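Visitor: Please take me through one part of this model closely. I would like to look at the place where two chains meet.

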Amino acid sequence: MTKVTMTINGKSVSGEVEGRTLLSSFLREDLHLTGTHIGCDTSQCGACVVHVDGKPVKSCTMFAAEADGADVATIEGQANEDGSLNVIQAAFQEHHGLQCGFCTPGMVMSAAALLKDNPKPSEAEVREYLEGNICRCTGYHNIVKAIMAASGQDVSAIAAE
Amino acid sequence: MYAFDIERPATVAEAVAALSNEDAQALGGGQTLIPTLKQRLASPEKLVSLTGVAEMKGISSAGGVLTIGGGTTHDDVAADGSYKALSELAVNIGDPAVRSRGTIGGSLANNDPSACYPAAALASGATIVTNTREIAADDYFVGLFETALDEGEIITAVKFPIPEKANYQKFVQPASRFALVGVFVAKTADGVRVAVTGASNEGVHRWTAAEDALSKDFSAGALEGLSVSADDLIADLHGSAEYRAHLVAVMTKRAVAAAS
Amino acid sequence: MPKDGGIGASTVRREDVRFLTGTGQYCDDMNMFGQTAAVFARSTVANGVIKSIDTSAAEAMPGVLAVFTGEDFVEVGGNPAGWLINSRDGEPMKEPKRPVLAHGKVRHVGDAYAAVIAETVEQAKDAVEAIEADIEELPAIVNMKDALAADHYVHDEIGTNQCFDWGWIEDNRAATDAAIKGAHHVTTLELVNNRLVPNAMEPRCSMAQYNRANDEYVLHTTSQNPHLTRLLISAFVLGIPENKLTVIAPDVGGGFGSKIYHYGEEALVLAAAKKIGRPVKWTADRTEAFLTDAHGRDHVTKIELAMDKDGNFLAFRTETMANVGAYLSNFSTATPTFLHGTLMAGNYTVPNIYVNVKAVFTNTAPVDAYRGAGRPEATFSLERVIDKAAREIGMDPIALRRKNFIKPDQYPFASAAGLEYDSGNYDALMDQMEKVADMAGFEARRKASEKKGKLRGFGVNAYIEACGIAPSNLVGVLGSRVGLYDAATVRVNATGNLSVMVGAHSHGQGHETAFPQVVAEMLGIDPQSIDIVHGDTSKIPFGMGTYGSRSLAVCGSAVVRATEKIINKAKKIAAHMLEASDGDIELKDGVFSVAGTDKSVTFGEVALKAYIPHEFPLEDIEPGLEETAFYDPANFTYPSGAYCCEVEVDPETGKVSVESMTAVDDFGNVINPMIVTGQVHGGLGQGIGQALLENTTYDENGQLLSASYMDYVMPRADDLPFYTVDHSQGNACTHNPLGVKGCGEAGAIGSPPTVVNAVIDALQSGGKNVTHIDMPMTPHRVWSAMQNA
């Protein structure tokens, strides 16, 4: 067992981990931050995306030991300080960008990473960026729309209710 | 996963020392190795994580050669832009989260027959720099998941001579998003090199007939009538050997047309 | 009450807040004190005899608490098929036992033959590797045609690989044959409806607790219908009395059919929890999901369409082989029969229908209902052969469909496939589709594609489906072993807020938002004062769950009926409070008033009075305000639609891109248009996935080649376009109180033939004589078809 210390959603946390402990397991099982989900074994579905030192990573494909000293952000830390939904979360709700909710944490974290680098992405850029986030419910229409809306773009011309 | 320890050396020397244990294995970005470990298809006693080795990270350019640290992520290569075709290739590897972690050294050491970087290294005539030596790309790629690396040898950097013109065209395998066929074309003063990934059971390889034609006339038209044999090409769920052979020609033409 | 929270409002979903903040509670997010882990030993061969299983080494491993094999479940029951199908000769279908753990033989890759319970998952995995199983591999039976001809069997005891040979409607067979024989033109098409893996993003998970003090079990599980799971476990598998077993389906991360069914893992964790006296949890990894979740579709079909010289449809005749896999999953026998054969009249006035379905056992994972379930297969066959016929006789595909559409004045319409359609207007749907899809601009768009070197195609489709499953009397006659009603309890609390317990389970459909809209509209109160309770058998009267686009049409109707009872009782209480007669009480905007006076009490005052019944006429009115209703529908509902899409084909690579997709649906009345549109989007994504990307491939040895996201092509955001969805042309369902028809499966039913028709159009426009390509139309397949044309 190795001791790791990292900052998660602004708070310093420590824990004892095995070499094989994935960052996702550390979050879910040791810290009970279960918003980060596990949907596959091959690093493709993206339900586990968190930010490590500001970059999106698949927390199921990184060892907790490798995150020692890192700054980690998860879905649990995304809301505004008063607990209200942040701009991206609110856009997902407003534009019905989620159904069963399982892929949603990863989608929101990927969207946040995208908008940090590219504040006004085109439809094609959003779709391409979501290559590593699989959703089975929405057909992606409202996810793409929500992310574009969260970036401040006018999405009223995009069909839907 | 089976149990193992993780070591996080800070220097190449420490990493090499840690890897001297024969049951130790190097861990780059882990984007291929970790899924393999999850399936219990590997059982190292120790993983030596290279992500903390600062001297293996970063990109520098001098004398027309781009040197990329072996621990540099795809994301950083994508953002660099000084070798445009290479940055464009990097931006289409995996997905953003994979690109945050995956490294050029890890990709080249693994030498997946459908990976993108091997095509760039081979077509560019890159040099693979390790902790002990420099290996020319032509000597480096030995076969399917096989390279000239010795046990415990670490790719510390890759040197890419920047060509006059180059382009990479990737026809994606739609599930894995690896290359079903990828072709990297590089034109230098010495001629044209064409490297093909995704297609062959032998791994990345050069298409010399196309190189000869393109060295004489660097245009898509120069490839008219040229085709590759389907023998020894990969056939799987996503495409037959004949289809891959066809795609090699199509992607090569497109790469030539798009080269800049 | 603010009108924007009632019926017809695109209210944003209240459940979103927890999902967006990471506070949803999915099964694997929960842990119990003292919890242990279950891991299964699964067959690596498709067909094999279990010679011996030695678990002694595994039992001695660190942390191991128990090891189970099939021997441990010999005395208990099997997981049954819920629908009895009789063959054409009157013989009942073959029903081999589906045990909790394989016993005697393993029958598909992934078939579990043992399970280890240990302190941790990794310890259990270590112990699984230490189980010594001597399994003698036998030749695998994979291909359906080979299976029917084979002299060895998936289940030796039944002596055949044919589950049933079903004819629908057998009495129509001779007339259909005669109509085809004498027809002016017959179009024939052989096609494959490709096998799919549902791939809900949340893998299955089951967690059991056993309380020795009162002999009670609690099972948390990823289910679309916890009551059905409880019923199956109680009545058929383990015999745990229903009143001793609580099944809870918490937040569930998608189902699409795959979580309707009871699976052996659920029974195993229950048995294990009792044996070791501690909670037991099992969570599938994605590979297990691929190997063991019920798959969908997998039909091989020959369909013939007979027409007269004017293009009037005379007959459809279908021969289908339907793969049921290695065991009968719960709805697997209904899916290729009554959810498929009965829809083979489509939207058309065709007089003769005959459908023959042979269900075939193979050494593959069980196949069952997946989004659409039988109806996508019916629509695909019909709408592909109609498109082919139009090309053969040189008629516009839309005109040919319109010529044969059932007309609005023909309802109720008795279809030749045995259903009575209650309402619809297919021409109006087609009109609207032509308008919103800007069909007039297609030629200009085609020219623009040509300039880019791409072939552009236009494809169209009309569909009808039977939803709102289902009238119990009718399905009983047809072989169903369960009723298909649903139930709801409306509980008005003393302080005026409501808990509505519903049998339908919400795992993406937005019930927590939409159902309160219905109740709020009826009572005239704030929908935020109404909460839905679902997914817990200890809290809900009963329910048959969520599938077949039934939640609103059936369970929603039960909610309406229960709310009507609440209103009736509340009026009595109000009448008492207002010293008036109940017949004079009116309810408007949450206020009960005496007609023609200014005397009134609010809904909240009535609720309080119900629980503080001072000066109450107890001989006339009981205290309390809670009502339950069971609703059994009078008929199926019949959503219908007209879809079109435009594709571009890259002739050099064969790659198809969907440039536009338009779905115009008649869902009857719509409660929440935003949610309905989202349901259509999801169906479209899956339908386009089926058409272009997804395929489940077993090799000749029964090994699943597409067993991960590295090879099974899940649609991603960059594979799909924005969609145009329109449900302005609704015709209310005539027989349920809300007039709703169901929208969950439409997109997955309507889109696959639309896409295929468009690709064929594109290729033919490019001078390629390609008349059919099987799904998925991968670049390789499209390119190959072009080479051979």
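Guide: Here is a walk across the interface of chain B and chain C, with a closer stop at one arginine. Keep in mind that the model is predicted.

Start with the whole interface. On one side, 21 residues of chain B are in contact with 22 residues of chain C. Together the two chains bury about 1800 Å² between them. Of that area, 52% is on carbon and sulfur atoms. Three residues stand out on the chain B side: B:Arg40, B:Arg177 and B:Leu237. They supply 31% of the area that chain B buries against chain C, more than any other three residues.

Next, the polar side of the story. Between chain B and chain C there are seven salt bridges. The interface also holds 17 residue pairs in polar contact. On chain B, helix H10 (residues 241-258) gives the largest share of the side that touches chain C, with seven residues. That side divides into eleven nonpolar, six polar and four charged residues. One of the salt bridges joins C:Asp650 to B:Arg254, with the closest N and O atoms 2.8 Å apart.

Now stop at B:Arg40. Its side chain meets that of C:Glu122 in a salt bridge, at 2.9 Å from N to O. This pair crosses between chains. B:Arg40 sits in the loop between helix H2 (33-38) and strand E3 (46-49) of chain B. C:Glu122 lies in helix H3 (residues 121-130) of chain C. Both B:Arg40 and C:Glu122 are buried.

B:Arg40 has another partner. It also forms a salt bridge with C:Asp126, at 2.7 Å from N to O. Again the pair crosses between chains, from the loop between H2 and E3 of chain B to helix H3 of chain C.

How open are these residues? B:Arg40 has a relative accessible area of 11%, so it counts as buried, the limit being under 20%. C:Asp126 has 27% relative accessibility, so it counts as partly exposed.

Chain A joins in too. A:Glu18, A:Arg20, B:Arg40, C:Glu122, C:Asp126 and C:Glu129 are linked in a network of salt bridges.

One more piece of context comes from a record. An unreviewed UniProt entry annotates residues 21-139 of chain C as "domain: Aldehyde oxidase/xanthine dehydrogenase a/b hammerhead". In the model, this span is 12% helix and 29% strand. Its end C-alpha atoms lie 51 Å apart.

Terms used
Residues numbered from 1 in each chain as written. Chains lettered and ligands numbered in written order. Predicted model: local features only at pLDDT ≥ 70, side-chain atom pairs only at ≥ 80, totals over all residues. Heavy atoms only, no water. Contact = heavy atoms within 4.5 Å. Buried area = accessible area lost by both parts, 1.4 Å probe. Salt bridge = Lys/Arg side-chain N within 4 Å of Asp/Glu carboxyl O. Polar contact = N/O pair within 3.5 Å; in protein donor to acceptor, adjacent residues only side chain to side chain. Helix = DSSP H or I, 4+ residues; strand = E, 2+ residues; numbered from the N terminus. Nonpolar A, V, L, I, M, F, W, Y, C, P; charged D, E, K, R; others polar. UniProt positions renumbered as here; feature names shortened; annotations may be inferred. Buried < 20%, exposed > 50% of the residue type's maximum accessible area, 1.4 Å probe, protein only.
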